[in-house]
Structures are given as structure tokens and as C-alpha cells.
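Thanks for coming, everyone. I will walk you through one structure today. Please have a look at it first.

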Amino acid sequence: MNRKVCIKISGLHSVEGADGDEGVEVINIGSYYKRGGKHYVRYEEPAENSGVVNVNLLKISDNEIELIAKGRTGTHMIFTMGKKNMTYYSTPFGGMNIGIDTYDVNVNDEENLITVDIDYGMELNLDYVAECHVHIEIESLED
């Protein structure tokens, strides 16, 4: 895997009581390295309508994914297969407590492509809000 990578993150959220599913997809260029058996991907993501850039770090191992976001919004989400983790999500409009109940984590590591699929339930301020699926592709680019 080269140091320069393309990161594609797509998510699907089934919100209780809503009509249909909500989906989102982001694509960014970032940097990759591997240390101690973990994959690390750092990328910047512009915050909507603000001109501020969030700096995100993904830490990927076989059964746990971490997302650390710093900037206009901030969080440290941990997706551990078979475990519920609590975190705090700060925004310019206030913060929220988030519960992440991870059902499944699947990491596929090929020579120039890493794919990650995560299935989890989400709570906001202790209220269940959605069943979620996130798909991440990290593809090697020319340095």
C-alpha cells in the first residue's frame, strides 16, 4: 500500500419511524501507514458551509475500528465487535452523548485496497435512533 490513498466512506442509517433509509458518501485523499499490525489513515474533511477543515484519523485492526475527529466537530468513536462503546460528539451547536453497539466488523486487507464494513446500532443521549451500516474503502494511489 502506498502512502497516498483515496478514502471512500459510505453510510446507511435506518432511522426508526422515518420513511426509508438515509445515506451519505464522502471521498477524500489522505495518507496511510501501518504500525504494530494496525492500519492508520489520516485525512482532512471540509466542514459544511464553514471553510473549517476537520482532521480525521482512522485506526483499523481486525475487530476494532477507531475514528478520531478534530476540528469544528470532535469525537473519538470506537467500533468493537460485540461491544457497546459510549463517546461524546461535540459540535458548534452543542454536544451529544453517543452509544455505539457494534454487531459486526469485517476488514478485508489486500495489497492495494482495504475494505471495512461495520454494522451497529446508535443511541443519542441514551435514546436509540438508528441501525447503521458503514462501508470504507482505502485504495492505494500513485505517490
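Let me start with a definition. Ala, Val, Leu, Ile, Met, Phe, Trp, Tyr, Cys and Pro count as nonpolar; Asp, Glu, Lys and Arg count as charged; the others, with Gly among them, count as polar. Keep that sorting in mind. One more thing before we go on: this is a predicted model.

Now the largest pocket. How many residues line the largest pocket? The lining has 39 residues. Sort them by the definition, and you get 26 nonpolar, 9 polar and 4 charged. Val 24, Glu 45, Leu 67, Met 77 and Tyr 89 are the ones that lie nearest the centre of this pocket. The space inside the largest pocket is about 1300 Å³. How do we look for such space? Rolling a probe the size of a water molecule over the atoms shows where empty space is left. Which strand gives the most to the lining? That is strand E1, residues 4-15, with 5 residues.

Next, a residue in strand E2. Val 26 lies in that strand. Its relative accessible area is 24%, so Val 26 is partly exposed. Leaving out residues up to four places away in sequence, Val 26 touches Ile 7, Lys 8, Ile 9 and Glu 45. Glu 45 we have met already: it is one of the residues nearest the centre of the largest pocket. Val 26 and Gly 11 are 15 residues apart in sequence, and their C-alpha atoms are 9.1 Å apart.

Stay in strand E2, which covers residues 22-35. Ser 31 is found there too. Is Ser 31 buried or exposed? Ser 31 is buried, because its relative accessible area is 18% and the cut-off for buried is under 20%. Its contacts, again without residues up to four places away in sequence, are Arg 3, Val 5, Tyr 40, Val 41 and Arg 42.

Tyr 40 brings us to the aromatic rings. A pair of aromatic rings is described by the distance of the centres and the angle of the planes. A search of the whole structure finds 2 aromatic pairs. Tyr 33 and Tyr 40 have ring centres 4.9 Å apart and planes at 5°, so this pair is stacked. Tyr 33 is partly exposed, at 29% relative accessibility. Tyr 40 is buried, at 13%. The other pair is Phe 79 with Tyr 120, and it is edge-to-face: 5.0 Å from centre to centre, with 65° between the planes. This pair links distant parts of the chain. Phe 79 sits in strand E6, residues 75-80, and Tyr 120 in strand E9, residues 113-124, with the two positions 41 residues apart. Both Phe 79 and Tyr 120 are buried.

On to strand E8, residues 94-109. Two neighbours are worth a look here. Ile 98 has its place in this strand, and so does Gly 99. Ile 98 is buried, with a relative accessible area of 4%. Gly 99 is buried as well, at 1%. What does Ile 98 touch? Beyond four places in sequence, its contacts are Met 77, Asn 85, Met 86, Thr 87, Tyr 89, Met 122, Glu 123 and Leu 124. Counted in that way, Gly 99 touches Asn 85, Met 86, Gly 121, Met 122 and Glu 123. Now some distances, from C-alpha to C-alpha. Ile 98 and Met 122 are 24 residues apart in sequence and 7.0 Å apart in space. Gly 99 and Met 77 are 22 residues apart in sequence and 9.1 Å apart in space.

Now a loop. Most residues other than glycine have a negative phi. Asn 125 has a positive phi of about 50°, although it is not a glycine. Leu 126 is also a residue other than glycine with a positive phi, near 75°. Where do they sit? Asn 125 lies in the loop between E9 and strand E10, residues 127-140, and Leu 126 is found in the loop between E9 and E10 too. Asn 125 is partly exposed, at 44% relative accessibility. Leu 126 is exposed, with a relative accessible area of 65%.

Last, the cysteines. How many disulfides does a search of the whole structure find? It finds 0. Cys 6 counts as buried, at 12% relative accessibility. Cys 132 counts as buried too, at 5%.

Methods: Residues are numbered from 1 along each chain as its sequence is written. This is a predicted model: local features need pLDDT of at least 70, side-chain atom pairs count only at pLDDT 80 or more; totals for chains, interfaces and linings use all residues. Side-chain values use heavy atoms; hydrogens and water are left out. A disulfide is a pair of cysteine sulfur atoms within 2.5 Å. Buried means under 20% relative accessible area, exposed over 50%, partly exposed in between (1.4 Å probe, protein chains only). On a 1 Å grid over the protein atoms alone, a cavity is a set of points where a 1.4 Å probe fits but cannot get out, and a pocket is an open set with protein on both sides within 12 Å along at least five of seven lines; lining residues have an atom within 4 Å of a point. Grid points are joined across faces, edges and corners, and a volume is the space filled by probe spheres set on the points. Helices (H or I, at least four residues) and strands (E, at least two) are DSSP runs, numbered from the N terminus. Contact means heavy atoms within 4.5 Å. Rings of Phe, Tyr and Trp (its six-membered ring) pair if their centres lie within 6.5 Å; planes under 30 degrees apart count as stacked, over 60 as edge-to-face and the rest as tilted.
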